[in-house]
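Please find below some notes on the model, set out as numbered points. They take up helix packing, the cysteines and a few individual residues.

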Amino acid sequence: MDRYICIHGHFYQPPRENPWLEAVEVQDSAYPYHDWNARINAECYAPNSASRILDGDNRIMEIVSNYSKISFNFGPTLLSWMEHNSPEVYKAILESDREGIKKRSGHGNAIAQSYNHIIMPLAHERDKRTQAIWGIKDFEYRFRRLPEGMWLPETAVDLETLDMLAELGILFVILAPGQASRVRKIGTGRWKDVSNARIDPARAYLLRLASGRKINIFFYDGPISGAVAFEKILDRGEDFAKRLLTGFSDARKWPQFLNIATDGETYGHHRRFGEMALAYALDFIEREGLAQLTNYGEYLAKYPPSHEVQIFENTSWSCYHGIERWRSDCGCSSGGHPGWNQSWRAPLREAFDWLRDNLFVIYEKNAGRYLKYPWQARNDYIEIILDRSRSRFDEFIQMHRTGDLNRDDEITVIKLLEMQRHAMLMYTSCGWFFDELSGIETIQVLKYAVRAIQLAVELSEDNIEPAFLEKLGRAKSNIQEYGDGAAIYERFVKPAMVDLKKVAAHYAVSSVIEEYPEDADVFSYNVQRKDRQSISSGGKRLDVGKITVASKITGDAEDISYCMLYLGGHIFNGGVRSFLGDQPYSAMKRDIASAFEQGDVASIIHLMDTHFGMHNYSLAHLFLDKQREVLRVILRETIENYERVYQKIFDSDRILMGFLQEAGLPVPKIFIAAAEHALLSSIKNEFQKDDIDLERIGAIVKEIKKWKVSLDPADAESIVRRRLEGFMTELAGDHANLPLLMRVQGIIALLKSIPVDIDYWTIQNIYYRIAKGSLGDLSPRAANGDKGAEAWVEHFRQLGELIYFNVDAVLHKGSEG
């Protein structure tokens, strides 16, 4: 077959981690998910790892991994998040690349991406090199092989970047058709103008570089890629497949390569169920023998370029004006605010470039004292980012040090390298992509900038922050209330700064509610408890202690003493300070404990002011996720009291309200409200018990139906779903357990009749794995008259029907597998 199809998905989210905590904090705009990474993972990354192929009745016939059939790249910072927060999806992505190697002549489906999605043509040469090296090394760490290709963020390209990639062993990149300037057949002298996206994308092209190096370029099919992103061809998988096939032409006399490229999030996040359209289209094309699926590496190896190309530098796929979207008010924006401008982009970049250059000076001046080749050390620092173990750090220091380094020297080295890491993170492209200077993406890159400044101030005698703020002030917000970049920095960015004392305050407040071990991790910090005295009386509590707080990133550490007074409810009052020695600490502890024993709150506050200064720490100083957690604990008793009241109203008036209902009279809304809360609480409580009572759940379901109450879907669904997922996981490990199978079947049958939509995604995945694996042991026994096996297979079939499977198709597939 001489027709090949390659679909590329660029899967990327900007780094969202708090620069001090190295964790993504809760983002309310992503509700009901914790944050946007989690939400898009649930809507896109996970579904593409187990996509459904449906029959005409919308029942599942097959579950497949799209990643095993397409070309893809994942942003390294996104994969880092996924490795820790969604390990099953992470493993599925890596496995899909290994599967691609087996199917595609030794060429994996994954390609690399420059590290944190900076616009490479706008980057300093040093940053370009580090970004490319970090992207390659991160890829090698995860996929256990070297990448053949690299995705350029926003396909933004210049010849310096391409030459650097070729030097580093990258074989190809993918560009938009409008980035091609002219082509010619290799070995001929005449060039053909292909500007305005007139290049034929159905082959690979060779680009010769001034250094004598070469790199291959694929240009994706623009019209079909655009249709995937902006039209409705993902509404039906067969329509998608047929549109792909329009990219072929009988006029071509070579093995045609139809390739498209879009944001991977199109398949599921931007276009709901887009991942299923993709899965169906690929299955349809393979099943009907319409083309051969491939990836870029395989096609390039089979059919090396016969033509060479020249490109337009400083262009991209997402800005009509080249790369101006990331440095000027070019007119490109995300829309929705027609009166706004993006004149803030230029001064923001100018401020960052000034900051970068000053950080270069600080780095070179200081790093040269400890490191033989400071910039080589920065390039190699990705190995520490990927593995922060002490042994790996010792290897790194041994390789790069100029001489013997003590512990303080090592901390300085890490701070210098972290300063450089954040100086690159601040250039993440999303900071300029959208409409407004105060948007969350720009706030995020400003946080990286302030973290770099914080480290620079610790390392240098010069305070560069005032000059940076003066330049940042030239960037004007579209929102009058926010003013300019300097005001936004002071209002939204600087308050987010964390130091060791702020970690100590977090520990002191939260330890009143949560019992920490003596050696505790608090995000990217470690806290060791050296001493603590805790006294409680009448709902009040006093904690006084000494701790050592250390950064797990830089190794910086400090001994800190603290005092925290809890007066009940949400009222916390406390202080922290550097540990001044055993004698002052003992005196402070004695004085404050004595005042507490006497019930003299005013004296306690006065003593805290004396010993810790006037700055008080409270619940507001907890890091956001812990603050929410502590508030839930504080509110638990209050909520339980409300639930008891609602339950009492429901129980006492249920018979009377039933009479009203039977008589055709309206039931008071206040009773329906009580019923909603009481029944929601009951269903949640039942699913949280060790031994679920099906009869009791049935009775609750009957009441829900009777009163036609609506339940909070997010609240009830997560508790019920997780319990069912636990049962299914147990069943997968003990597949012959008929009572467990019948219990799951019974629960789901009951739930079908109440207004809560359960997300069966994980349950379906486990069911499908059992059908493909364990079922092979039982089906033959059932066919031979084994009554137990017959019962199990029958109940398994019934369960499949309940969770939307075409059971015959699945079981037939399982028997084939």
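1. Helix H13 (residues 390-400) and helix H14 (residues 407-425) have axes that come within 12 Å and cross at roughly 90 degrees. H13 is therefore roughly perpendicular to H14. The model is a predicted one, and this holds for every point that follows. On the H13 side the contact is made by Arg 390, Phe 393, Phe 396 and Ile 397, which meet Arg 407, Glu 410, Val 413, Ile 414 and Leu 417 of H14. By residue class, this contact has 6 nonpolar and 3 charged members, with no polar ones.

2. A second helix pair is H20 (residues 582-597) with H21 (residues 601-612), whose axes come within 9 Å and cross at roughly 165 degrees. The angle is over 145 degrees, so H20 runs roughly antiparallel to H21. The crossing of H20 past H21 is left-handed. H20 contributes Met 588, Asp 591, Ile 592, Ala 595 and Phe 596, while H21 contributes Ser 603, Ile 604, Leu 607, Met 608, His 611 and Phe 612. Of the residues in this contact, 8 are nonpolar, 2 are polar and 1 is charged. As general background to the spacing of such positions, residues three or four places apart in an α-helix point the same way, because there are 3.6 residues a turn.

3. The third pair is H22 (residues 624-662) and H24 (residues 694-707), with axes that come within 12 Å and cross at roughly 45 degrees. H22 is thus oblique to H24. The handedness of the crossing between H22 and H24 is left-handed. Phe 650, Arg 654, Met 657, Gly 658 and Gln 661 in H22 are set against Glu 703, Lys 706 and Trp 707 in H24. The contact of H22 with H24 comprises 3 nonpolar, 2 polar and 3 charged residues.

4. H22 also carries Glu 629. What is the exposure of Glu 629? The relative accessibility of Glu 629 is 36%, so the residue counts as partly exposed. The C-alpha atom of Glu 629 lies 9.9 Å from that of Glu 514, although 115 residues separate the two along the chain.

5. How many of the 11 residues of helix H19 (residues 500-510) are buried? The count is 10, so H19 is largely enclosed by the rest of the structure. The buried set consists of Leu 500, Lys 502, Val 503, Ala 504, Ala 505, His 506, Tyr 507, Ala 508, Val 509 and Ser 510. Lys 502 is thus listed among the buried residues of H19. Packed against the buried residues are strands E15 (519-522), E16 (525-537), E17 (540-551), E18 (557-566) and E19 (572-578), together with H22.

6. The structure contains 0 disulfides. Why is Cys 319 not bonded to Cys 332? The sulfur of Cys 332 is the closest cysteine sulfur to that of Cys 319, but the separation is 3.9 Å, which is too far for a bond. A disulfide would require the sulfur atoms to be within 2.5 Å. Cys 332 is likewise in no disulfide, and its nearest cysteine sulfur, in Cys 330, is 3.8 Å away. Both of the cysteines discussed here are buried: Cys 319 has a relative accessible area of 7%, and Cys 332 has a relative accessibility of 8%.

7. Ser 51 belongs to strand E2 (residues 51-54). Is Ser 51 buried or exposed? Ser 51 is buried, at a relative accessible area of 0%. Apart from neighbours within four places in sequence, the contacts of Ser 51 are Glu 62, Ile 63, Val 64, Asn 66, Glu 275, Met 276 and Ala 279.

8. Ala 714 is located in helix H25 (residues 713-733). With 27% relative accessibility, Ala 714 counts as partly exposed. When residues up to four places away in sequence are left out, Ala 714 touches Tyr 31 and Pro 32. The C-alpha atoms of Ala 714 and Ile 803 are 19 Å apart, with the two positions 89 residues apart along the chain.

Technical notes. Residues numbered from 1 in each chain as written. Predicted model: local features only at pLDDT ≥ 70, side-chain atom pairs only at ≥ 80, totals over all residues. Heavy atoms only, no water. Axes fitted to C-alpha atoms, helices over the stretch in contact; angles between N-to-C directions. Helix = DSSP H or I, 4+ residues; strand = E, 2+ residues; numbered from the N terminus. Parallel < 35°, antiparallel > 145°, perpendicular 65-115°, else oblique. Left-handed = near helix turned anticlockwise from the far one by under 90°. Contact = heavy atoms within 4.5 Å. Nonpolar A, V, L, I, M, F, W, Y, C, P; charged D, E, K, R; others polar. Buried < 20%, exposed > 50% of the residue type's maximum accessible area, 1.4 Å probe, protein only.
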